[in-house]
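Got your viewer open and a free hand on the mouse? Let's take a walk through this one, stop by stop.

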Amino acid sequence: MQDYQEYYQTPLGLVQICAKDSGITKIAFADAANKQRPNVWTTQCIRQLQEYFDGLRKEFTLPLVLEGTAFQKKVWTALCKIPYGETRSYQDIARMIDQPKACRAVGMANNRNPIVIVIPCHRVIGKNRTLVGYGGGLKRKEYLLKLEKNVK
């Protein structure tokens, strides 16, 4: 259970934002809102997400509290290095973390990203440049990539 949570209606649907006193622990697409218990980080996250969707923010400056395996954290950190408006393949990410044969494991870590949008797993595409897999659905992934391409 998270210490704090707040819900925010994005152009892609409702997201749940969870945090601890030290930072954001989760951003996930949600079907419905539950009881809200905001803190400074959930409120700041909503502001930054709004700026992102308005085309005014290209980088997030939120403290993230990553909960996962060492490998997953390495992948999620690499995802944050993909520049706004650009994409990388799973193979590119595997190379970034110095594990060039770990493409499938990178895909699994990408799929388990607990902080969507802020950790830009939507910027990872197939080696052949096609849109593949996104926990929030390919329509959302396509929307995010088009948003970033149009704001550049």
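Below is a short tour that tells you what to select and what you will find there. One thing to keep in mind on the way: this is a predicted model.

**Stop 1: the sheet**

Start by selecting residues 4–10, 13–20 and 23–29, which are β1, β2 and β3. These three strands make an open sheet, ordered β1-β2-β3, with antiparallel pairing. At the edges sit β1 and β3, each of which pairs on one side only. Turn the sheet and look along it: from one strand to the next, the twist averages 25°.

Now keep just β2 and β3 on screen. A hairpin of two residues takes you from β2 to β3, and six bridges hold to the antiparallel sense between the two strands. Want to pick out individual partners? Select Cys18, and its bridge partner in β3 is Lys26. Select Ala19 next, and you'll find Ile24 of β3 standing opposite.

Before leaving, color β3 alone. How much of this strand is buried? Six of its seven residues are, so β3 is largely enclosed by the rest of the structure.

**Stop 2: a helix across the strands**

Add residues 40–53, which form helix α1. This helix lies across β1, β2 and β3, and runs at about 15° to β1.

On the way from β3 to α1 you pass through a loop, and Asn39 is in it. Click on Asn39: is this residue buried or exposed? It is buried, because its relative accessible area is 11%, below the 20% cut-off. Show its surroundings and you'll see that Asn39 touches Tyr4, Ala19, Lys20 and Asp21, leaving aside residues up to four places away in sequence. Zoom in on Lys20 in particular: its backbone oxygen is 3.2 Å from a polar atom of the Asn39 side chain.

**Stop 3: helix α4 and its two sides**

Next, select residues 103–111 for α4. Highlight Val106, Gly107, Ala109 and Asn110, which are buried. Look down the axis of α4: those buried residues fall within an arc of 165°, so they line one face of the helix. This fits a handy rule: an α-helix has 3.6 residues a turn, so residues three or four places apart point the same way. Swing round to the face turned away from the buried side, and you'll meet the exposed residues Arg104 and Asn111.

What covers the buried residues of α4? The cover includes α2 (70–79), α3 (90–96) and β5 (124–125).

Stay with α2 for a moment. It packs against α4 at an angle of about 80°, and the two axes are 9 Å apart. The pair is therefore roughly perpendicular. To see the contact itself, show Phe71, Gln72, Val75, Trp76 and Leu79 on the α2 side, then Ala105, Val106, Ala109 and Asn110 on the α4 side.

**Stop 4: two backbone oddities**

Most residues other than glycine have a negative phi. The last two picks on the tour go the other way.

Select Asp98, in the loop between α3 and α4. Its phi is positive, near 60°, and it is not a glycine. Asp98 is exposed, with a relative accessible area of 66%.

Then jump to Ile117, in the loop between α4 and β5. Here, too, phi is positive, at about 70°, in a residue that is not a glycine. Ile117, though, is buried, with a relative accessible area of 1%.

Terms used. Residues are numbered from 1 along each chain as its sequence is written. Side-chain values use heavy atoms; hydrogens and water are left out. Buried means under 20% relative accessible area, exposed over 50%, partly exposed in between (1.4 Å probe, protein chains only). Helices (H or I, at least four residues) and strands (E, at least two) are DSSP runs, numbered from the N terminus. Two strands pair if DSSP finds at least two bridges between them. Axes are lines fitted to C-alpha atoms, for helices over the stretch in contact, and angles run from 0 to 180 degrees between N-to-C directions. Contact means heavy atoms within 4.5 Å. A polar contact is a pair of N or O atoms within 3.5 Å; within protein, one must be able to donate a hydrogen and the other to accept it, and residues adjacent in sequence count only if both atoms are side-chain atoms. The arc is that of the directions from the helix axis to the C-beta atoms. Angles under 35 degrees count as roughly parallel, over 145 as roughly antiparallel, 65 to 115 as roughly perpendicular and the rest as oblique.
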